[in-house]
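Notebook open, model loaded. I want to go through the chains one at a time and jot down what I find.

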Amino acid sequence: MGEMNFVPSRLDALVNWARRSSLFQYPLVTACCGMEYMSVSCAHFDVARFGAEVPRFSPRQADVLMIVGTINHKQSRIVRMVYDQMLEPKWVIAFGTCASTGGMYDNYASLPGVDHAIPVDVYIAGCPPRPEAVLEGLMALQRRIDAMTGSATAVVGEYRDREE
Amino acid sequence: MSTLFYIVEAAVKAVFVLFAIAFPLASLLIWQERKQSALIQDRLGPNRAFINLPFIRRFRFFGLLHLVADSIKMFMKEDFMPAGARPFLFQMAPVLALAPVLLVFAVIPFGDTLLLYLPDKDLFYAVNLSVASLDTGLLFLLAVISLTVYGTVLAGYAPDSKPGMLGALRAGAQMFSYEAAMGLTVAGVLMVYGTMAIDHIARAQDSLVLGFLPAWGVVYQPLGALLFLIAATAETKRVPFDMPEGESEIVGYFVEYSAMKFGTFMFAEFLEVVAVAALLTVLFFGAYHLPWLSWNHHVIPWLTGLIGAHTVTPGLNIQVVSLVTALLQLLVFMAKVGFFCFLQLLVRWTLPRFRYDQLMDFGWKLLLPAAMINLALTAVAVLALGKAG
Amino acid sequence: MSGRKDDPRRLWSDPPAGPPPLAEGLKPLGHDELDIELGPAHPAMHGIVKLKLRVEGESIIRCEPEVGYLHRGFEKTCEHRRWTQCIPYVDRLNYVSAPVNDIAFCMTVEDMLGVAVPARAVALRTLLMEAGRIVDHLTCLGASAMELGAFTAFLWLMQAREEWYFFLEHYCGARITTNLSRIGGQPYDLFTGFEAEVEACLKKTEDMVFKVHKLSTRNRIFHDRLRGTGVIDADTALDLGFTGPLLRGSGLDLDLRKARPYLLYDKLDFHVPVGLHGDNYDRYLVRLEEIRQSASLVRQVLHAIPEGPLMVEDPHISLVPKTAVYNHIEGIIHHFKLLTGGHAVPAGHWYKAVEAPNGELGFYLVSDGGGMPYRVRARPPSLYATAGLPEMLKGQMIADVVATFGSINMIGGELER
Amino acid sequence: MDLAGLRLILEEKHQGAVEDAAASPPDNDELLLNAAFLRPVCDTLKHHPRLSFRLMADLCCVDLLAWPGFDPATDKRFMLVYHLYSVAHNRRLRLKTLAGGDDPAVDSVAAVWRAADWPEREIHEMFGVRFNGRGDLKPLFLYEEFQGHPLCKDYPLKGQQPVVDLRAPLPLREDPAHFQTAFEKAYFRPVGLTQIDNTARLPESMLAEGALARLSQAAKAYKKRHGIDGQGLPGPVRGGGDHERP
């Protein structure tokens, strides 16, 4: 350890730093939380400060999948498709209680949390969460990215091939 | 001088233009876009990425570091080609999008002439401050600009994607249409200055017309300048002409591209903005000249007087004057380019997007006839004035 | 980097093998035609509507909306909740203007109970409803401007909306899903500085709306994008069940606030803007003017809120004060009965409609006399508007989809419930 | 014109169409229609110059299975409710009609008011009521794999029918370093769209196996206790309305 890993770990740090400062999001906005999603980007809260203001509506170009609002069973297929279409490295934020746990919609239609369909990195509580909570969630994701190891040395696309 | 020398000279100039002018300006433009839009919308814009420097903790550099982060991230993102794509075209499209824009910078003069003093021969070697001072610069320009469409069209066509295809079709139609108008406005400039060499056109804008107006293209061709600005903005595929991207309609012609391939398209787009600003400056707004202040008549004599008092060798003296002049010219040029970039960003964050048929109508029914009328008027004026003069 | 046919990461998947199932009377794909699906994961489709388009070049030949990506069982769930517990669910119908839903639902239940709400609560409700309308229209205008590429107008309007959210939060503790009404009146009184805060919101709104008006209304591109697109005449609109700004944009001045006044609307002075052409531009103008009218309504009510109680003083309808709960046996019995048993709404059914920002928002409630509703049905204005989308998009272009879709202000929560 | 006048106009044209009427002005006047006459009556309501109910405000359905006194053996189960609005005369009207039996069906009114198109599709998927005389009753909100009719009273509230294979969510660890390994192992693979067998999750119908007899008995007992005869359909709430509006 130590000396041997110095260069890779510094490189990891650099790559992590780049990734955390440039989170392009794919907003899958379905329900009420979309209103707060709009608020987050507006002048009072300005998610652009984190470099995360760029919504890319092509999953190929996005880093963070934001599940904003209730996901029902019909939508779960779309969610998984979008998640599959996103490219590594990718993260998922469950925005709001409905996306995290199904919330108050405990019935035949709604998915009890989007983490039943795709893996989730950060859960933001609130129905809908306040913009401050969203920013906190974003920073939580940044902390997770900071803690990632092997970011620089992993061959991109390796994750997928390993499975086959 | 040997051929090798010319090659080296051109290479040095090319590297200089790309890495000292085009790339920094384009990168800065990305930053400027994010910051300027923030300013328009009462926001702050990106400012959170920081590095810790030895004496400055949390050095944020006005959010410029987000640019660095963006590019590193894009390089580290997974590259992907969808099934059913045409591999060769898929790989070529980003290159084809970027290369023509870079070629545009080859003919743009960013300064007049730099005199290089060769002490062993006691000679001055004149370096033309544009990568290639072609006699047919304008033709080259039009040819190269019309190449940019291929990158866009192939990007939509190659991945076998429906929105991409729609974007490609839109891009094709739009760019061909607006090229026609752009070509005609450029022809007006060609008539006025009577040369196709862009550096000659730039030099010709040094004098005064009627004794008090700077002999800029915009003075001869006010309508032409406006039309050129519009047509060239359409070429950059940005709002209000961002039909091929049309983010909220079809997600964009580069919908299937990820990682740095996508980054290349974005970068090419910003480079195009810079290129348009540079062309506008060179053709219509006096290139590196200052209004009412001629380099040859005012600045260089003044500089010579200033520096001549302190140096001993006449050769070095001239060398320093030339160097300072070139730097000042570069500065003026960059300032103008910056201004036109700002203008384009302002337009981009103010206007909504055209619709496809409106865009075509605008291009063919308004812009093209206006450009033709402009051309005809110019021809008559040139003929009449030429006869009179 | 690879591409396989079965790769689940293909962005635009091939149609399933075999002949695609064709809708009735639909011809197979013609020579120059293309089937394209917009959404649900599409920037302009709000994530919940899929538009199946058949296009020839850019022109739409056929359009078929597919909804249901936000169906979350509102009606079924409410059948298993007590009357008061339904209010948070009702909030999330039209989440852009939750106060309107709350108040409309409470008014319907109060009608069934046959109680009259105190004057102070009525005035407050009028104010809050208009605030909700302003918020809704701000969002609608902003979102549709954004979808046209005018991002700046969007963010400006969002700023004004944000002020209203701060105000709502100050009033009831929540920004969006407000839950600010109860059966029998309003639970929360005015806070200190209420008037000043509302005035500030109004000022900001008028400021920003004026700025956007200056930026957009006479903007040639904006005008051309909206004028003559999504046209629908009043007859067709009525036949399709359109109400609200959509119908008024087509020239029929049906506004339930005027036609069948509720709350204080028959005592207030306001105008109903009506369009001429029934296109997107008229709807934009109607909404713009309605914001101004609502602002004027808020001002009129704001300075005329009477003193008095906020809730009906009937322990079977509103909760008794906490002091009574803690100190008197009757108090605790009433409290317990109301919270565990729910309201004793008489058996029968009832329909009541209010003018929500998007049109007629009706609640059809059935009670079997128990503490829970037997059936809750919301009449969502968006459902009918979205169902009529193909009619409005006939012969239009792809770019008009976003403009038209923005102008009908589809709200998934109430459309799909 | 009050409800009685309206009823007269209708009965003049359609003998026996109106089975019952209940006045509760201004918004809750209602008529109970014989389902056989639904389509012609709706035509009249829309086109008659003195009625001209041009706006169909809403169309919904009520499942009466759990309604007090409902006897599944004899009564019709589904009550369809049409809310009409006449812009010209500024009045509202509610139509009720019943559908029952093994294959509950009524005539479609989508040809009268195009607004009825989507609500009819919704009712078909939510209650299983068929609409005659129109094509294309494909699901509106639900997906094709969904079985059963969720808004029926015998469908359980939580009868979920997933379409993708649901996984147990990954437990969130506090330790961020754990993230990489566990996350990679568990999830860095395309998850794909697998169709799973969801028939096992279908609710058991209340109406299976003697439930019908039980419900019938309960209904008889209720009717006896409350002394109700006939169909006790939901009617306008007595004494409802905001008459005391300040």
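What share of the contacts in chain B between residues at least 6 apart in sequence join residues at least 24 apart? I get 76%, where a contact means that two C-beta atoms, placed from the backbone, lie within 7 Å.

Ground rules first. This is a predicted model, where local features need pLDDT of at least 70 and side-chain atom pairs count only at pLDDT 80 or more, while totals for chains, interfaces and linings use all residues. Residues are numbered from 1 along each chain as its sequence is written, and chains are lettered from A and ligands numbered from 1 in the order in which they are written.

**Chain B**

I looked up the make-up and found 13 helices and four strands; these are DSSP runs (helices H or I, at least four residues; strands E, at least two), numbered from the N terminus. The C-alpha trace spans about 70 × 65 × 50 Å along its principal axes. For 389 residues a compact globule would have a radius of gyration near 21 Å, and chain B agrees with 23 Å. That radius is taken over C-alpha atoms, and the globule rule is 2.2 Å times the number of residues to the power 0.38. Of the 389 residues, 51% count as buried, meaning that 20 or more other C-beta atoms, placed from the backbone, lie within 10 Å of the residue's own.

I checked confidence too: pLDDT (the predictor's confidence in each residue, from 0 to 100) averages 83 in chain B, with 97% of the residues at 70 or above. Among the elements of chain B, helix H11 (residues 295-308) has the lowest mean, 76, and helix H3 (residues 87-104) the highest, 89.

**Chain A**

Chain A has a mean pLDDT of 80, and 86% of its residues reach 70 or more. Among its elements, helix H6 (residues 158-163) comes lowest at a mean of 38, and strand S2 (residues 64-68) highest at 90. I flagged residues 156-164 of chain A, where pLDDT stays under 50. The model has 14 contacts beyond four places in sequence for that stretch.

**Chain C**

Strand S4 (residues 348-356) of chain C has nine of its nine residues buried. Side chains in a regular strand alternate between the two faces of the sheet. Both faces of S4(C) are covered, with C:Trp350 and C:Val354 among the buried residues on one side and C:His349 and C:Tyr351 among those on the other. S4(C) pairs with strand S5 (residues 359-367) of chain C, antiparallel, over nine bridges; pairing takes at least two DSSP bridges. C:Val354 has C:Leu361 as its bridge partner in S5(C). The two strands, S4(C) and S5(C), make a hairpin with two residues between them.

**Chain D**

Five strands of chain D form an open sheet of mixed pairing, in the order S1-S2-S5-S4-S3. S1 (18-22) and S3 of chain D are at the edges with a single partner strand each, so one side of each lacks a neighbour in the sheet. Strand S2 (residues 30-33) and strand S5 (residues 91-99) of chain D run parallel, joined by four bridges. Here D:Leu32 stands opposite D:Lys96 in S5(D).

Last, the interface: 45 residues of chain D are in contact with 46 residues of chain C. On the chain D side, S3(D) gives the most, with six residues.

Terms used:
Buried ≥ 20, exposed ≤ 12 C-beta atoms within 10 Å, placed from the backbone.
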